[in-house]
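Q: I should like to learn how to read the features of a protein model in order. May we work through one example together?

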Amino acid sequence: MNPRQRTIKSEISLSGVGLHTGAKVTLTFKPAPENHGYKFKRTDLPDHPVIDADVDNVSDTSRSTTLTANGASVSTTEHVLAALVGCEVDNVMIELNGIEVPILDGSAVEFVNALESVGFKEQDAEREYYHVQHNIHYSEEDRKVEMVIMPLDDYRFTCMVDYNSPVLGSQHSTITSISDFKDEIASCRTFVFLHELEMLLKHNLIKGGDINNAIVIVDHEIGEQELKDLAKAFGREDIKVAREGILNNIELRFQNEPARHKLLDMIGDLALIGTPIKGHVMAARPGHAANVAFAKKIKAAIKKDKKKKVQHLYDPTAKPFYNITDIMNILPHRQPFLYIDKILELTKTYVVGVKNVTINEEFFKGHFPGAPVLPGVVQIEAMAQTGGILVLSTVPDPENYLTYFLKIDNVRFRAQVLPGDTIIFRCDLMEPIRRGIAQMKGVGMVADKVVVEAEMMAQISRVKETENPE
């Protein structure tokens, strides 16, 4: 089974200034329910609009990653999202009283420290990963950008940067697991070349900059007057160039800190896919625009794979969550209309059930007896009974309730099911159960082949005392 989803135990706030706006802003992490994901809320705007951390909401990548939805925007999202991924937090609401996430020290470490200070709470729902099935490539020939994610049973990153700079040179960074994020990546600060900084200052585009929250790489000869002008811009008495070719006399936290920060940005931007990933990301010369384009390509691959019904394979011989006796204590069905033999998994959001198909079943006497095939209506009924277990698990006394199916849509029979086959059904809630109404997506598989699928709507109804569900 996958690990459980996590949120934080209590809310925690941090305050600072936006790197580009210079405006003071307070960010508050708040616990969120299962399957909530990452969302931003602008508390300074009327009606407090919420912006999903979704790659489809990216509106600008010119200097950082900006998200826009519901008439509101939030910018410089990459560092805080990287911190959440690095801490393996699944669900959180991020409240802001301004448009820009505070830059703090230019890294993700203060976000990580804040999250760890309140601790993490394990939730009931499992974390659903996307396991990369095949290499997914992205490239930009003009910028010499190359990115690929490959199958791996972990979340691993390798990053290379090369800006043809005699100071920066070519740098590499890697983490073998996302669990390395805190120690190896979180504290690595953003960086900028001096000529870029001067352009940003000239156009009043970096109002929150400070020598403590950005590494400035000196990429050209700099005179005393230029140093004085920079010191004035940063409100400092003196600024010098260190021997490493770095402005401000700050010490690098790692020799390859710029490459590590690019890796940090990539983790934050890929969080916008909205699904935890199992795979190895390798990138050459990444940037926000390329990261977002790559994230969109991965999200499209996830959507395509779901349409292909690439499903997790279950072992039908595994110890069941419910055996047939347990099932009969929940469902009112009996022979010859009880079609589920056992339940392998049951959570708040999905259920996995098993039907063993044998030639001894009554309907084979009349349903193509010379070439027996499991009737489609029986497959749907078995899927519905599996979903019924999920729905009835939400009430304290399931034996006193019935599940009536209100609607079945988008039914597809993709392959014949024959005597001797074992069908494994998985039913997932499409949205939370409201007022006793459940909407589910069901898929039936024989081995690694999808044989049937459908969308179902059901309603829970309490049995009256005078009724006998059997």
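The dialogue below takes up the annotated site, a helix, a sheet, the cores and the backbone geometry.

A: Certainly. Please keep in mind throughout that this is a predicted model.

Q: Where does UniProt place the feature "binding site"?
A: An annotation is read from the record and then examined in the coordinates. Here the unreviewed UniProt entry places the feature at His79, His261 and Asp265. These residues are spread over 187 residues of sequence, yet they cluster in space, with a largest C-alpha distance of 9.4 Å. His79, His261 and Asp265 also belong to the lining of the second largest pocket.

Q: Is His79 buried or exposed, and which residues does His79 touch?
A: Burial is read from the relative accessible area, and a residue counts as buried under 20%. His79 has a value of 4%, so it is buried. This residue is found in helix α1, residues 78–86. Setting aside residues up to four places away in sequence, His79 touches Ile103, Gly106, Ser107, Ala108, Phe111, Thr190, His261, Leu264 and Asp265. Two of the annotated positions, His261 and Asp265, are therefore among the contacts of the buried His79.

Q: Is Asp265 buried or exposed, and in which helix is Asp265 found?
A: Asp265 is found in helix α6, residues 257–270. Its relative accessible area is 5%, so Asp265 is buried. Leaving aside neighbours within four places in sequence, Asp265 is in contact with Glu78, His79, His288 and Asn291.

Q: How many residues of α1 are buried?
A: The same reading may be applied to an entire element. In α1, nine of the nine residues are buried, so this helix is largely enclosed by the rest of the structure. Among them are Glu78, His79, Val80 and Leu81.

Q: Which residues touch the most other members of the largest nonpolar core?
A: A core is read through its membership and its contacts. The largest nonpolar core has 70 residues, and Phe29, Phe40 and Leu81 touch the most other members. Helix α7 (residues 288–307) supplies the largest share of this core, seven residues. There is also a second, separate core of 37 residues, which includes Leu331, Phe364, Ile389 and Val451.

Q: In what order do the three strands of the open sheet lie?
A: A sheet is read by strand order, then by the sense of pairing. The order is β6-β7-β8, with antiparallel pairing. The edge strands β6 (58–60) and β8 (72–74) each pair on one side only. Neighbouring strands of the sheet are turned by 40° against each other on average, direction ignored. Between β6 and β7 (residues 66–69), the antiparallel pairing runs over two bridges, and Asp60 stands opposite Thr66 in β7.

Q: What is the sign of phi in Thr76 and in Glu88?
A: Most residues other than glycine have a negative phi, and most peptide bonds are trans, so departures deserve attention. Thr76 has a positive phi of about 55° and lies in the loop between β8 and α1. Glu88 likewise has a positive phi, near 55°, and lies in the loop between α1 and β9 (92–96). Thr76 is buried at 4% relative accessible area, whereas Glu88, at 32%, counts as partly exposed.

Q: Which residues does a cis peptide bond join?
A: The peptide bond is read from omega. Gln335 and Pro336 are joined by a cis peptide bond with omega about 15°. Pro336 is placed in the loop between α8 (324–328) and β19 (342–346).

Note on methods: Residues numbered from 1 in each chain as written. Predicted model: local features only at pLDDT ≥ 70, side-chain atom pairs only at ≥ 80, totals over all residues. Heavy atoms only, no water. Core = buried A, V, L, I, M, F, W, Y, C linked by side-chain atoms within 4.5 Å. Buried < 20%, exposed > 50% of the residue type's maximum accessible area, 1.4 Å probe, protein only. Helix = DSSP H or I, 4+ residues; strand = E, 2+ residues; numbered from the N terminus. Pairing = 2+ DSSP bridges. Axes fitted to C-alpha atoms, helices over the stretch in contact; angles between N-to-C directions. UniProt positions renumbered as here; feature names shortened; annotations may be inferred. 1 Å grid on protein atoms, 1.4 Å probe; cavity = no way out; pocket = protein on both sides within 12 Å on 5 of 7 lines; lining within 4 Å. Contact = heavy atoms within 4.5 Å.
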